[in-house]
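Reader: Could you walk me through reading aromatic contacts and surface patches in a model?
Author: Happily! Let us look at it together.

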Amino acid sequence: MLRDYKPQFFDQADFAALQAFTEILIPTDDTPGAREAHCAHFIDFVLDASSNVAASTVRQWREAMQALKTSGFHAAAPGDREALVAAIAKPDHDPGATHPAYFAYRLIKQQNTFAFYTSRAGLIEALDYKGNTYNATFPGCDHPEHRSV
């Protein structure tokens, strides 16, 4: 169904870069990742739906994709992209660090997280959400490092 998807907001190159970026942020492991949740597709859909309403949002995303392109992400080999994302994200962990594409990282991370955790893959398959149920008792945390007060 989505294998023939044609992006509506992004051009093909930006969409491919966005898709790769989202899959690095939430990789597939023993649970589904951004690929299975179709996060890039969701972001493209939402942006296309709001592009006539929010010019500032359109500008923000265009600038973000240009920053990624300028940083070399679009042209990077798939194996080099993870290291590039780590470099872009360094200000998250090092307050003294800067990167010109950091704002793009934050924007994509925010929307990717929302897209993933509101998808079936994120909410039900990864988080094992059971629906609106209640616990008769609250089970305590069983992590050993959390047992001391």
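Author: We will go through the aromatic pairs, the charges over rings and a surface patch in this predicted model.

Reader: How many aromatic pairs does the structure hold?
Author: There are eight aromatic pairs. Take Phe-21 and Phe-73: planes over 60 degrees apart count as edge-to-face, and these two rings stand at 65 degrees with centres 5.2 Å apart, so they are edge-to-face.

Reader: Which parts does that pair tie together?
Author: Phe-21 belongs to helix α1, while Phe-73 sits in the loop between α4 and α5, so the contact links parts 52 residues apart in sequence. Both residues are buried.

Reader: And what does a stacked pair look like here?
Author: Planes under 30 degrees apart count as stacked. Tyr-102 and Tyr-105 meet at 25 degrees, with 5.9 Å from centre to centre. They are three residues apart in helix α6, so about one helical turn separates them. Tyr-105 has 6% relative accessibility and therefore counts as buried. Together with Phe-21 and Phe-73, these two tyrosines form one aromatic cluster.

Reader: Where do charges sit over rings?
Author: The charged end of Arg-81 is over the ring of Phe-73, 4.7 Å from its centre. Arg-62 lies over the face of Phe-9, at 3.9 Å from the ring centre.

Reader: Which residues make the nonpolar surface patch?
Author: Phe-42, Phe-45, Val-46 and Phe-114 make this patch of about 380 Å². Helix α3 gives the most, with three residues. Phe-42 is in helix α3, and its relative accessible area of 30% makes it partly exposed.

Definitions and conventions. Residues numbered from 1 in each chain as written. Predicted model: local features only at pLDDT ≥ 70, side-chain atom pairs only at ≥ 80, totals over all residues. Heavy atoms only, no water. Patch = residues over 30% accessible without salt bridge, like charges linked within 9 Å, V, L, I, M, F, W, Y side chains within 5 Å. Areas by Shrake-Rupley, 256 points an atom, 1.4 Å probe, with all protein chains shown as cover. Salt bridge = Lys/Arg side-chain N within 4 Å of Asp/Glu carboxyl O. Helix = DSSP H or I, 4+ residues; strand = E, 2+ residues; numbered from the N terminus. Buried < 20%, exposed > 50% of the residue type's maximum accessible area, 1.4 Å probe, protein only. Phe/Tyr/Trp six-rings, centres within 6.5 Å; stacked < 30°, edge-to-face > 60°. Lys NZ or Arg CZ within 6 Å of the ring centre and 35° of its normal.
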